[in-house]
Amino acid sequence: MGKDVFEVTINCIKLIVVFLMMVQAVPILVWLERRGSAFIQNRFGPNRVGPLGLVQLLADAVKFLFKEEFFPENGTKFLYYAAPVVALVPATLAYCAIPLGHPLQYGEYLFRLQGFDVNVGIVYVLGVSGLAAYAILLAGFGSGNKYSLLGALRASAQIISYELALGLSIVGIILLYGTFNLNEMVAMQQGPLSFSFRGHEILVSWLPNWGIFYQPLGFVLFFASIFAESNRLPFDLAEGEAELVAGFHVEYGGFKMLLFFIGEYGHMMVGSGLLATFYMGGYGIPYITNQALWQTFMDWTQDGQLAHILVSAATFAMFSFKLALCLWFFVQVRWTLPRFRYDQLMDLGWKTMLPWALFNVIATALFIFVAHG
Amino acid sequence: MPQLIPATINSGLPLAGVLFLATFVLLFGSFLLFLASKLGTRKYDPVKYQSYECGIPAQEKKDTKISVKFYLTAILFIVFDIEIIFMYPWARTFKEFIDSGNGLYILASMGFFLFVFIFGLFWEVKSKALEWD
Amino acid sequence: MYNLNWFSQIGLQHYLLLSSALFICGMAGVLLRKNAIVILMSIELMLNAVNISFVAFSHYQSKLEGQIMVFFVMTIAAAEAAVGLAIMVSIFKRFREVNIRFFERLKG
Amino acid sequence: MISDAILFWILAFLSLSAGLTVVMIANPIYSALALVMTMVSVAGLFVTLGAYFLAGVQLIVYAGAVMVLFVMVLMLFDLKNEVYAFTQGLLTNVVKLGCLGLLAGLLAGTLVLSSYQSQEIQDKVVAAADQTKALGQLLFTQYLFGFEVLGILLLIVAIGAVALSRSRGGTHHV
């Protein structure tokens, strides 16, 4: 955690701040989703409360606080109340492992712009977010309702099915970078596209050195998988309204519902953050290495400390921009594609994406073998 | 010449931070639920507390028929998940093996494993274990 | 001999003590419980306890072989759970029962 | 290191209390959830021992896959609460006593034995810097055969599970 009391305190505060950043992004995302859908469907959307309706979600949150407490009589009390709280944990723990910006050196202290630096970053994120199935299962069983149970089963079967394609597309990433650490991956994606092929150095100066150009198929598979993992349309079979009413959260309302929402949007943010880190250079600014960026700021300000701060700020802004772009895709896709049928969903996961992910692994391994040999 | 510090200093896994954050999040969620339960109004009505059943009175919950496909999916998931986990250390050390001149060896060892993996997947598809209806 | 130092200096013996305690927990579960699924879970608990001691030995003797063994144990445990649960499901589907006392009647 | 000691005691408390809950509690669903808790804290113990990759695998395989299957199966069975979780009778009491005796013996043995050896072993703690790489290299050279055999074992499990789910469940009628 750190060497002395000051550093430990800063690290604890930083963890809470990252968590709160994730929580406060949810109202903005919901607003974006509602306004965006209204824009796509030629409506207005929420526009009364505050400028552009921005305060609408704050008003909703306050309303949620005063909703009536409610417990279905067939339910199991402990599981029913534990589920929404548990739903928060996996997304938060995973999100805190994603690097949000270049580490900041301040005097003798080093502050990371990320919750914690894990040297087995990918494995940790996968392991922690795998726990998300429990919140769904607890909610489904704790409500004591057939629809909830069926929705929970569907959701967890869907999540675990797409975890396979997700895990396999990450094998391609590990082959490419040769590390589990997310920071090292970002460091390898700096500058313009360049790689060595059988001893020849090849430089493509008009493209950034991003993973998406090495792993285009892996990118598509990963992108589709994170939609399924976060139960978003076109994969939101868990809450097919026509068949299951609302899936595993039929019996939930008020603030408990909001906690589930925060968990779901948290998963979206984890998925988008990983997508940006693996395939789009993470917090790195395209075409420029971080060292060159620092040099530019150094020449400009003539102050090493200020340049460090500026590098961190610029990379953080870059990461936020990439994250927002990915999140907008989630919204855009929701209002573009129709929902799958359940057998189509399972077929897509097991019979289409899994073989293609296997093909991606084999092709990547062969390419690296040829290029290095 | 001054340098920008490198982005990575291998620091293991800060377990204390993870535990702290998990505890904080659990307390945060419980506190909000507690607050909501204190602030909310309460009016008792027996119908309100029945299970939601699209308007008709809830029936007995006995003998809910659940498709065996769900277990089968979960079991097959376990099997394939472990095979994928085995590929992680392989992918991690792949470049080192190539650099030490053992590229063909590591490729062949994973080739056999992948052959078994693909054979299993092919068999599952062929035996219609993955069909949903 | 064992003063406050014993609590602040964590060594191999702490992990071994914990491992043996967890192992006995699991063993008691296997021997005493009636529900067959709980028995399967207790076996998983025992395997986990063994894994702790494997990793502890590997750490304190700076040999990685212990970790490889844990890898293999985990795989076999998962395989065992998968097959065991598949058997449980097919028994439950037919007889609506997971009590091990009931299985005595399955002799053929 | 006092902070390591604190972490160890927290995790030991969590895993032991959860492990006891698995065995003691009558409702199998709570039993399974307690086992999830045990798995997660065992993953934490692996981290304190420097086995980061194994901790991740423990989370993914045990907590994320095997226990999900257990919880799913239990929720679908929807068993009624067992009043008597344990078997009854003389034999049970003998087994209980035997467990206690074995526990006492193991604890005493560990204490006595490790007080002899702990000094010499503790000096050469492995450097945790790049264990994952070394682990991979060891797995794919010295233990390659076991690795390939496990692949075949997993194939057999997959086929067996499908066959079991198709079976009608025995030839006799109740």
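This briefing describes helix packing, the nonpolar core, one chain interface and selected residues of the structure above. The model is predicted. Chain B consists of three helices and zero strands, and its order along the sequence is α-α-α. The largest nonpolar core holds 249 residues, among them members from chains B, C and D.

**Chain B**

- The elements of chain B follow one another as α-α-α, with three helices and zero strands in the chain.
- Of the 133 residues in chain B, 37% are buried.

**Largest nonpolar core**

- Within the 249 residues of the largest nonpolar core, the members that touch the most other members are B:Ile75, B:Ile78, C:Ala78, C:Ala82, D:Met67, D:Leu69 and D:Val73.
- Helix α3 of chain D (residues 52–77) supplies the largest share of this core, namely 22 residues.
- Domain 1 (1–83) and domain 3 (129–169) of chain D each contribute at least three residues to this core.
- C:Ala78 is in contact with B:Ile78, B:Ile82, D:Val61, D:Ala65 and D:Val66, when residues up to four places away in sequence are not counted.
- As general background, nonpolar side chains tend to be buried together in soluble globular proteins.

**Helix packing between chains**

- In general, a pair of packed helices is described by the angle between the axes and the distance between them.
- Helix α14 of chain A (residues 342–372) packs against helix α2 of chain B (residues 69–99) at an angle of about 30°, and their axes are 10 Å apart.
- Because angles under 35 degrees count as roughly parallel, α14(A) is roughly parallel to α2(B).
- The contact involves A:Ala365, A:Ile368, A:Phe369 and A:His372 on α14(A), and B:Phe94, B:Lys95 and B:Ile98 on α2(B).
- The crossing of α14(A) and α2(B) is right-handed.
- Helix α3 of chain B (residues 103–126) and helix α6 of chain D (residues 144–166) have axes 10 Å apart, and they pack at an angle of about 0°.
- It follows that α3(B) and α6(D) are roughly parallel to each other.
- On α3(B), the residues making this contact are B:Ser109, B:Phe112, B:Phe113, B:Val116, B:Phe119, B:Gly120, B:Trp123 and B:Glu124.
- On α6(D), the contact is made by D:Leu144, D:Glu148, D:Gly151, D:Ile152, D:Leu155, D:Ala158, D:Ile159 and D:Val162.
- Helix α6(D) also packs with α4(C), where the axes come within 9 Å and cross at roughly 10°.
- Accordingly, α4(C) and α6(D) are roughly parallel to each other.
- From α4(C), the residues that meet α6(D) are C:Phe72, C:Thr75, C:Ala79, C:Ala82, C:Val83, C:Ala86, C:Ile87 and C:Ser90.
- Their partners in α6(D) include D:Gly146, D:Leu150, D:Leu153, D:Leu154 and D:Val157.

**Interface of chains A and D**

- The contact takes 18 residues from chain A and 13 residues from chain D.
- On the side of chain A that touches chain D, the elements giving two or more residues are α4 (121–129), α5 (132–142) and α6 (146–177).
- The largest share of that side, five residues, comes from α4(A).

**Residues of chain C**

- C:Cys25 is located in helix α2 (residues 12–32) of chain C.
- C:Cys25 counts as buried because 26 C-beta neighbours lie inside 10 Å, and the cut-off for burial is 20 or more.
- Apart from neighbours within four places in sequence, the contacts of C:Cys25 are C:Leu45, D:Gly19, D:Leu20 and D:Val23.
- C:Cys25 and C:Ala56 lie 31 residues apart in sequence, and their C-alpha atoms are 19 Å apart.
- C:Ile76 sits in helix α4 (residues 65–95) of chain C and is partly exposed, with 15 C-beta neighbours inside 10 Å.
- The C-alpha atom of C:Ile76 is separated by 9.8 Å from that of C:Leu47, 29 residues apart along the chain.

**Positive phi in loops**

- Most residues other than glycine have a negative phi.
- A:Asn42, which is not a glycine, has a positive phi of about 60°.
- A:Asn42 is placed in the loop between α1 (5–40) and α2 (56–65) of chain A, and it counts as exposed, with 6 C-beta neighbours inside 10 Å.
- C:Ser62, also not a glycine, has a positive phi of about 45°.
- C:Ser62 belongs to the loop between α3 (36–60) and α4 of chain C.
- C:Ser62 is exposed because 12 other C-beta atoms lie within 10 Å, and a residue with 12 or fewer counts as exposed.

Technical notes. Residues are numbered from 1 along each chain as its sequence is written. Chains are lettered from A and ligands numbered from 1 in the order in which they are written. This is a predicted model: local features need pLDDT of at least 70, side-chain atom pairs count only at pLDDT 80 or more; totals for chains, interfaces and linings use all residues. Helices (H or I, at least four residues) and strands (E, at least two) are DSSP runs, numbered from the N terminus. A nonpolar core is a set of buried Ala, Val, Leu, Ile, Met, Phe, Trp, Tyr and Cys residues joined through C-beta atoms within 7 Å. Domain bounds come from an automatic or database domain assignment. Two residues are in contact if their C-beta atoms, placed from the backbone, lie within 7 Å. Axes are lines fitted to C-alpha atoms, for helices over the stretch in contact, and angles run from 0 to 180 degrees between N-to-C directions. Angles under 35 degrees count as roughly parallel, over 145 as roughly antiparallel, 65 to 115 as roughly perpendicular and the rest as oblique. A crossing is left-handed if the near helix is turned anticlockwise from the far one by less than a right angle, and right-handed if clockwise.
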